[in-house]
Amino acid sequence: MVERSDRAPLLDWEEVPSAEKPGGAAQSAAKERLSSPSNSRASLGCSAPGFGWSGGLGGPTPSRSVSNADGCSAPPATSSTPAGKDEVLRTDSEEHPSDTGSREVSLEDRTVKWEEKDQIVSVFVVTFNTRSGNMLEWCLPKDMDLEGVEFKAIASGSHRVTTDFIYFRKGCYFGLACFANMPVESTVERGARMKSVGILSPSYTLLYRYMSFLEHQVRLQLQSPGHYSPLEAFYEDKRALLPPSGDGVVTACPANAWGAAINHSMHPEMKITHPAGCMSQFIRFFGEQIMVLWKLALLRRRILIFSPPPVGVVCYRVYCCCCLANISIPGIGVAVPEFRPFFYVNVADISALENELSYVACTTEKIFEEKKDLYDVYVDNQNVKTCRDGLKPLLRLSTADREKYRKLTEQRQMLLYSQEENGDCVSSEEDLFILFFLEQNNRIFQTLSEVAGSPDPTLTQESVRAMGLDPHGDRLFLLHLLEIYGYDTLLVSEQLCCS
């Protein structure tokens with residue numbers, strides 16, 4: 001008998017308690033997914049220019065499941081009635097288009113197919129052994145290279161917390177693992193049993209869909225070790241099919257898909273499940289310092305965030321930092337390094353980070369602070385610091401920074417008032433946060449492009465103020481920006497030196 005999750009209804013891959021009617025839990029879960037506000041917007045599995053990436057080598061791959069309207073995949077095996085003949089024929093024709101028919105695929109179809117690519121490439125269980133330390137206990141497929149995943153799924157210092165969740169990167173894939181620590185009366189286990197259940201996928205933006213399932217499964221593993229059948233069923237339903245060739249498969253986000261969908265979804269969505277809310281917690285935690293992080297993110301610096309466990313909330317800070325650097329103007333940011341979210345990293349990732357030009361990550365290991373060649377900016381709780389002399393002036397807030405933060409705070413208060421007084425359930429703090437910085441970034445680069453294309457390509461105090469920047473306090477930031485984004489033809493007025 002499996003207990004019902006306290007976070008969500010039982011999912012299709014979980015066992016149904018005998019007290020319920022067969023299929024009732026699956027139907028309840030499907031209804032919950034279809035009616036959930038978080039699924040009312042389709043989520044692009046691609047990234048905004050300069051945001052990061054969501055696919056790895058080979059990219060996402062076709063699903064074995066039937067997709068619902070909300071982009072979730074419904075397992076064919078749980079259907080109580082067989083598919084109709086028309087549905088079978090339609091599915092077959094979609095997977096094997098006629099040679100005589102048109103092979104032209106519309107942008108909308110390509111985008112929808114991309115959005116559905118949330119397949120799982122691996123599922124695993126990690127345990128802590130009092131003699132051997134972290135160990136990979138079980139996984140599917142058996143031949144999957146999961147070396148080092150045991151140190152990502154159970155973060156350093158996790159023995160201090162009861163539950164946690166961790167986003168991480170493993171090779172060209174992204175992972176989500178749910179950890180739990182249960183006291184036991186066992187001298188062999190030293191009074192505590194610790195396990196983590198996780199998955200790997202080509203995209204991190206849709207991993208949240210399986211958070212409740214993983215939470216439930218890790219509790220099951222603690223209570224009944226070795227019970228893998230729900231995980232096996234889950235993998236069989238959701239596993240990615242890797243085709244022998246990429247013919248007819250969207251292996252990377254179409255370059256024009258972002259522009260077409262910009263009004264539909266302004267950012268790759270990662271459902272926020274932190275009780276306090278990701279964006280509001282991020283703003284309260286860093287306060288005005290988010291304006292410093294915004295500049296550093298836009299400059300594509302290597303940002304490493306340190307915090308003791310729990311890791312989950314810090315992974316959301318990584319996500320929020322990435323959202324600061326969104327740009328939706330076509331062609332802008334194409335030549336600059338991608339701002340890559342690595343999420344949780346440990347000492348095993350040092351060699352990978354050495355080769356990265358731009359990233360944002362978090363860690364629980366204090367030893368990283370000594371590895372100054374691995375990062376440009378080190379964030380210790382709310383303390384943002386750097387050992388790079390050229391970046392130290394950027395840590396000081398300008399007048400324009402404080403003004404922008406004041407406007408952001410006012411907009412946030414207005415939204416909260418609207419939600420409370422008018423029952424506004426459509427707008428969200430996440431959208432407000434994303435759009436605020438997206439519009440600010442677009443404002444900067446739109447002005448730069450206009451000045452660069454004018455007969456006198458000189459940045460004056462007026463043009464800098466038009467960007468929402470301080471002509472004096474943001475001068476160094478502006479110079480870094482011009483260099484990184486390749487505005488070589490722009491001249492800077494001498495007035496900016498003494499304004």
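**Exercise 1. Decide whether E403 is buried, partly exposed or exposed in this predicted model, and describe its salt bridge.**

Step 1. The relative accessible area of E403 is 32%. Because buried means under 20% and exposed means over 50%, with partly exposed in between, E403 is classed as partly exposed.

Step 2. The side chain of E403 meets that of R406 in a salt bridge, with 2.4 Å from N to O. R406, at 36% relative accessibility, likewise counts as partly exposed.

Step 3. Both E403 and R406 belong to helix α12, which covers residues 399–422, and they lie three residues apart, about one turn of the helix.

**Exercise 2. Find which strands are tied together by the salt bridge of K195 and E137, and work out how each residue is covered.**

Step 1. The general principle is that side chains of opposite charge can pair when their charged atoms come close. In the pair of K195 and E137, the side chains meet in a salt bridge at 2.4 Å, N to O.

Step 2. K195 sits in strand β7 and E137 in strand β4, so this pair ties together parts that are 58 residues apart in sequence.

Step 3. K195 is buried, with a relative accessible area of 5%, whereas E137 is partly exposed at 27% relative accessibility.

**Exercise 3. Place K366 and D380 in the chain, and state how each is covered.**

Step 1. The side chains of K366 and D380 meet in a salt bridge, with 2.6 Å from N to O. This pair links distant parts of the chain, since K366 is in the loop between β10 (359–363) and β11, D380 is in strand β11, and the two are 14 residues apart.

Step 2. With a relative accessible area of 39%, K366 is partly exposed, while D380, at 16%, is buried.

Step 3. For the wider setting, the structure holds 18 salt bridges, and a network of salt bridges links R169, E338, R340 and E356.

**Exercise 4. Determine which strands pair with β6, and in which sense they run.**

Step 1. Strand β6 comprises residues 173–183 and is mostly covered, nine of its 11 residues being buried.

Step 2. With strand β5 (residues 163–170), β6 pairs in the antiparallel sense over eight bridges. R169 has F174 in β6 as its bridge partner, and R169 also takes part in the network of salt bridges with E338, R340 and E356.

Step 3. The hairpin of β5 and β6 has two residues between the strands, and in this hairpin G171 takes a positive phi near 60 degrees.

Step 4. β6 also runs antiparallel to strand β7 (residues 192–201), to which 10 bridges join it. A177 stands opposite G198 in β7.

**Exercise 5. Locate the positive phi angles of F343 and N381, and compare the cover of these residues.**

Step 1. Although F343 is not a glycine, its phi is positive, at about 60 degrees. The residue is placed in strand β9, and at 1% relative accessibility F343 counts as buried.

Step 2. N381, again a residue other than glycine, has a positive phi near 55 degrees. The position of N381 is in the loop between β11 (377–380) and β12 (383–385), and at 33% relative accessibility N381 counts as partly exposed.

**Exercise 6. Identify where the cis peptide bonds before P141 and P310 occur.**

Step 1. The peptide bond that runs from L140 to P141 is cis, with omega near -10 degrees. P141 has its place in the loop between β4 (133–140) and α4 (150–153).

Step 2. P309 and P310 are also joined by a cis peptide bond, for which omega is about 10 degrees. P310 is found in the loop between β8 (302–306) and α10.

**Exercise 7. Describe the surroundings of N326 by its position, its cover and its separation from F437.**

Step 1. N326 lies in the loop between α10 (312–323) and β9 (340–344).

Step 2. The relative accessible area of N326 is 0%. Because a residue under 20% is classed as buried, N326 is buried despite its place in a loop.

Step 3. N326 and F437 are 111 residues apart along the chain, yet their C-alpha atoms are separated by 7.3 Å.

Terms used. Residues numbered from 1 in each chain as written. Predicted model: local features only at pLDDT ≥ 70, side-chain atom pairs only at ≥ 80, totals over all residues. Heavy atoms only, no water. Helix = DSSP H or I, 4+ residues; strand = E, 2+ residues; numbered from the N terminus. Buried < 20%, exposed > 50% of the residue type's maximum accessible area, 1.4 Å probe, protein only. Pairing = 2+ DSSP bridges. Salt bridge = Lys/Arg side-chain N within 4 Å of Asp/Glu carboxyl O.
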